[in-house]
Each structure stands twice: as structure tokens, then as C-alpha cells.
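Thanks for asking me to look this one over. Here are my notes, in numbered points, for you to read alongside the structure.

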Amino acid sequence: MTVAAEAPSGREVTLTSLARRRGARAAVGAAEVARTFVAMTASGELGGNLAVSLQEFVQGFAPAIAFGIAAGIAFALVPRLNYLCEPLIVALNTSPIIAFVPIVVVWFGVGTQSKAIMVFLAAVIPILINTMAGITQVHESWIRACRAFGASRRQVIAKAILPGALPPVMVGIRLAVGRAIVGLIAAEMYVSVRGIGRLIQVYSSSERAAEIFVLVAVVASFGFVLVTLLRRIEAWIAPWSLEP
């Protein structure tokens with residue numbers, strides 16, 4: 001006896017055709033994004049604006065690391081100072097960083113300085129908080145061992161407190177990367193003449209999806225590369241932080 005094969009239902013045919021069309025559109029879209037990336041790179045548009053954004057990022061992020069670590073040490077070791085500044089720290093940590101963009105732009109203009117300040121404001125708080133937390137979590141035995149050998153207060157800080165707090169400090173720096181990128185892109189989108197954020201704003205207004213995908217991919221890749229680099233630096237300067 002021969003059994004006839006059942007014909008697929010209309011719904012199955014529809015779902016299959018939709019899946020094929022979506023796959024085809026995705027392939028076409030990926031090829032278009034790749035071509036757009038090549039065109040933007042060849043024209044210098046991507047490289048020039050990326051260089052501006054990188055400059056603004058470094059100018060704000062490096063001081064944020066230095067100030068955040070120094071202030072975190074001071075607040076952790078001087079309880080009275082921590083008590084006085086804690087409300088301000090909490091307020092800055094809970095406030096949306098984008099809300100500061102108009103104020104910073106009004107005070108410092110539309111140049112590089114305002115973008116660097118936005119990066120600083122976005123990055124400094126997580127670094128400061130994690131530095132404070134790291135110092136308070138340092139094993140008391142490390143401090144007692146240094147004092148047993150006659151170490152001064154400065155030596156105790158350098159030999160016990162800072163090495164013990166280094167892993168949380170590095171975590172704070174990695175967390176600050178994401179906040180700093182958001183602050184930078186938001187500031188460039190709000191008012192700027194150059195930068196990746198400015199390009200995103202321009203292409204969003206003209207609804208050019210391929211260019212926006214390229215720019216978002218560049219921003220995401222920069223964040224990934226920087227966080228990966230910070231992890232390697234941590235493994236180099238604080239290998240004990242990776243021990244189970």
C-alpha cells in the first residue's frame with residue numbers, strides 16, 4: 001500500500017518563507033554594513049572622528065583613575081572626611097550621568113574640554129567607591145604583619161593596604177569604562193562638531209541604519225578591547241587576584 005505524503009500546512013509554508021526572507025535580509029544587511037565600514041574607513045570619516053573621541057576619552061579617564069584612587073584612599077582612611085562627603089558621593093552615583101550634559105556644555109562649551117569632563121564625572125565615582133571598599137576589605141593580618149616589622153603608616157599603606165585593595169580597584173576601573181563611554185557618546189550627541197557620538201546623531205537623523213550599526217560596533221569593540229586590556233594588566237600587577 002502506498003501512503004501519500006502529507007502536504008505541509010499553509011501556516012508551515014508561511015513560517016518557512018518568512019524565515020528564509022529574514023535570513024536573506026540579514027545576509028544583505030550584514031554585507032551592507034561591511035561595505036559601509038570599508039567606505040567610512042577609506043574616506044577617513046571613521047578614523048578622524050574616532051581619534052577625536054579617543055582623545056576626549058583619555059583626557060577624562062586618566063584623571064578619573066588618579067583622582068578616584070587618591071580620593072578613595074583618603075575617604076577610607078579618614079572616617080570624618082568620608083562622613084562629610086558621603087552624601088555627595090551617593091548623589092553623584094545615583095544620578096543619571098546624561099543629566100549633567102547640558103550643565104557641563106553650558107559651563108565649558110562644545111569643545112574637547114566638556115567631553116573630557118563628562119568622561120571624568122562618569123568614571124570617577126565607581127573607581128572611588130571600589131577603592132574605598134577594597135581598602136576596608138584588606139586583611140587585618142597584612143597590616144599587623146607590617147607593623148610587627150616596624151613599618152610606618154606610609155609603609156603600611158604602600159606594602160599592605162594598596163596591594164590588598166588592588167583587585168577591587170581594578171574592578172572599579174573596568175566598571176568605569178562603560179559609564180565613561182556612555183557619558184562621552186551622550187555629550188557628543190548633545191552638542192559637538194566631531195566625534196563618534198556626533199556621527200551617531202547625524203546618521204540617526206537621516207535614518208541611515210548601516211552607518212549607525214558600524215558606529216555602534218566600533219563603540220562596543222572599543223569597550224571590549226579596553227576591558228580585556230585592563231584584565232591583562234590586573235593579571236600582571238596583581239596575579240593573586242585571579243587565584244581561586
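1. A word on terms before we start: two residues are in contact here when they have heavy atoms within 4.5 Å. Please also keep in mind that this is a predicted model.

2. Let's begin with the whole chain. The chain holds nine helices and zero strands, so its pattern along the sequence is written as α-α-α-α-α-α-α-α-α, with helices being DSSP runs numbered from the N terminus. Of its 244 residues, 34% count as buried.

3. Next, the surface and the contacts of the chain. About 14,500 Å² is exposed, and carbon and sulfur atoms supply 67% of that area. Taking contacts between residues at least 6 apart in sequence, 76% join residues at least 24 apart.

4. Now to S53, which sits in helix α2, residues 45-77. Is S53 buried or exposed? S53 is buried, because its relative accessible area is 6% and the cut-off for buried is under 20%. Leaving aside residues up to four places away in sequence, S53 touches L184, E188, G195 and I196.

5. One of those partners, G195, deserves its own point. G195 is found in the loop between α7 (153-190) and α8 (196-205). Its relative accessibility is 0%, so G195 counts as buried. With residues up to four places away in sequence set aside, the residues that G195 touches are N49, V52, S53 and E188. E188 therefore appears in the contact lists of both S53 and G195, as contact is defined above.

6. A distance to check while you have G195 on screen: how far apart are the C-alpha atoms of G195 and I185? They are separated by 8.2 Å, and the two residues are 10 apart along the chain.

7. Finally, have a look at the pair formed by helix α4 (residues 101-108) and helix α5 (residues 112-136). Their axes come within 9 Å and cross at roughly 140°. That angle makes α4 oblique to α5, because only angles over 145 degrees count as roughly antiparallel. The crossing of α4 and α5 is right-handed.

8. Which residues make the contact between α4 and α5? On the α4 side they are V101, V104, V105 and F108, and on the α5 side Q113, S114, I117, M118 and L121. Sorted by type, the residues of this contact are seven nonpolar, two polar and no charged. Q113 and S114 are the polar ones, because neither Gln nor Ser is listed among the nonpolar or charged residues.

Key: Residues numbered from 1 in each chain as written. Predicted model: local features only at pLDDT ≥ 70, side-chain atom pairs only at ≥ 80, totals over all residues. Heavy atoms only, no water. Helix = DSSP H or I, 4+ residues; strand = E, 2+ residues; numbered from the N terminus. Buried < 20%, exposed > 50% of the residue type's maximum accessible area, 1.4 Å probe, protein only. Areas by Shrake-Rupley, 256 points an atom, 1.4 Å probe, with all protein chains shown as cover. Axes fitted to C-alpha atoms, helices over the stretch in contact; angles between N-to-C directions. Parallel < 35°, antiparallel > 145°, perpendicular 65-115°, else oblique. Left-handed = near helix turned anticlockwise from the far one by under 90°.
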